[in-house]
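Q: Could you take me through one part of this model slowly, as if I were seeing a fold like this for the first time? I'd like a close look at the sheet, please.

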Amino acid sequence: MDVKLRIHRFVEDKKWVQDYTLPVTVGMTVLEALTQIKEHQDPTLSFTCSCRSSICGACAVRVNGNAELACEILVENLMKRYDTDELTIEPLGNFRVIRDLIVDWDPKYARIKKIKPTVHPKDEFSAEEGCKQSPEDFNKYKKLAGCILCGSCVSECNKNALNQEDFLDPFVFVKAAKITRDSRDKDPKEHLKAVVDAGLWRCFNCQECTAKCPKGLDPAGAIEKLKEATFKMGLDDNVGARHAKAIYDDISDSGTLDESKLNIKSEGFFAAGLRAPMALRLMRVGKMNPLDSHPVNKEIDTIRKIVKNAEAASKEEN
């Protein structure tokens, strides 16, 4: 059985797609296929890899439009998934391509600095005694430490695809969530404020970062936990936080959203007033009538129970 790999090439501003055909062997990974092409068919093909054990994250690429770790995903499994003997391999999305499947990580690493990513030890610690921590406190962020910086979450992030200037990469938010949960840090609020300033509330909540994480982490969930922490630490004086609070209040009070007032509660009267032309268009087509009374959902008691249960579950998780 053969497979055709259609590989996106990029060399000195020249782009093209080049096809390679090779036999599929049992247990062949995408990285092994790329290595065979480089060693036996085309030594000019460029890609990155290191550990070959799903630890370093260096070999991440996109296969048929989805981010994968090349060293762990099997070619035969991909052929079965897509029901084809032809696979398209390209570099990760939302990165600058340097050559072929190699992308530039330097700008991404620079963005991590925005969240002040190092633990600032509490004053009670010392160089002699160290920074001791209980197993229980360690377990609060243990899973978040499993991020291998492969870039899969960045590649599939829809917000990054739209605009990277006002929003950090998902793995940066995972790093921030880890630090703010670390009991050894004396000022988690400092890190959290930096995260808010760097676009925390601009997440689309599309869940693509979580769906594509090869380590089973939950970047989207980490972002939601950071949002939750902003309320606990008094960093909720911004449009995103007010919008979330307005939705929560509406659901708790009536079980439905009062969309005619949602924008005012989120942005204030002045900023909402700038959207008057849109509001008028919505009123003309019957999408919104500010004169209508806001209805109460007949299942409001059930909805309130769901809200209370969700809050209780969140407290147990923390």
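A: Here is a walk through the sheet, strand by strand, with a short stop at a pair of helices afterwards. Keep in mind that this is a predicted model.

Let's start with the overall layout. The sheet is an open one with 5 strands, and reading across you meet them in the order β2-β1-β5-β3-β4, with mixed pairing. At the edges sit β2 (14-23) and β4 (66-69), each of which pairs on one side only. If you step from one strand to the next, the twist averages 35°.

Now for the pairing itself. Strands of a sheet pair through backbone hydrogen bonds, either parallel or antiparallel. Strand β1 (residues 2-11) and strand β5 (residues 86-90) go for the parallel sense, over 4 bridges. You can find that pairing in the picture by looking for L5, which stands opposite L87 in β5. Another spot to look for is K4, which has E86 of β5 opposite. Then turn to β3 and β5: this pair runs in the antiparallel sense, over 2 bridges. Here V63 has I89 in β5 as its bridge partner.

The sheet also has a helix packed on it. That's α2 (residues 75-82), and it touches β1, β3 (60-63), β4 and β5. Compare directions and you'll see that α2 makes about 110° with β5.

Next, let's follow β1 to a charged residue. Side chains of opposite charge can pair when their charged atoms come close. R9 does this with D42: they form a salt bridge whose closest N and O atoms are 3.1 Å apart. The pair ties together distant parts of the chain, since R9 belongs to strand β1 while D42 lies in the loop between α1 (30-40) and β3, 33 residues apart. In total, the model's salt bridges come to 24.

Finally, a quick stop at two helices. Two packed helices are described by the angle between their axes and the distance between the axes. For helix α11 (residues 239-254) and helix α12 (residues 259-267), the axes come within 7 Å and cross at roughly 140°. That angle makes α11 oblique to α12. The crossing of α11 and α12 is right-handed. On the α11 side, the contact is made by V239, R242, H243, A246, I247 and D250, and on the α12 side by L262, K265, S266 and E267. Sort the residues of this α11–α12 contact by type and you get 4 nonpolar, 2 polar and 4 charged.

Methods. Residues numbered from 1 in each chain as written. Predicted model: local features only at pLDDT ≥ 70, side-chain atom pairs only at ≥ 80, totals over all residues. Heavy atoms only, no water. Axes fitted to C-alpha atoms, helices over the stretch in contact; angles between N-to-C directions. Parallel < 35°, antiparallel > 145°, perpendicular 65-115°, else oblique. Left-handed = near helix turned anticlockwise from the far one by under 90°. Contact = heavy atoms within 4.5 Å. Nonpolar A, V, L, I, M, F, W, Y, C, P; charged D, E, K, R; others polar. Pairing = 2+ DSSP bridges. Salt bridge = Lys/Arg side-chain N within 4 Å of Asp/Glu carboxyl O.
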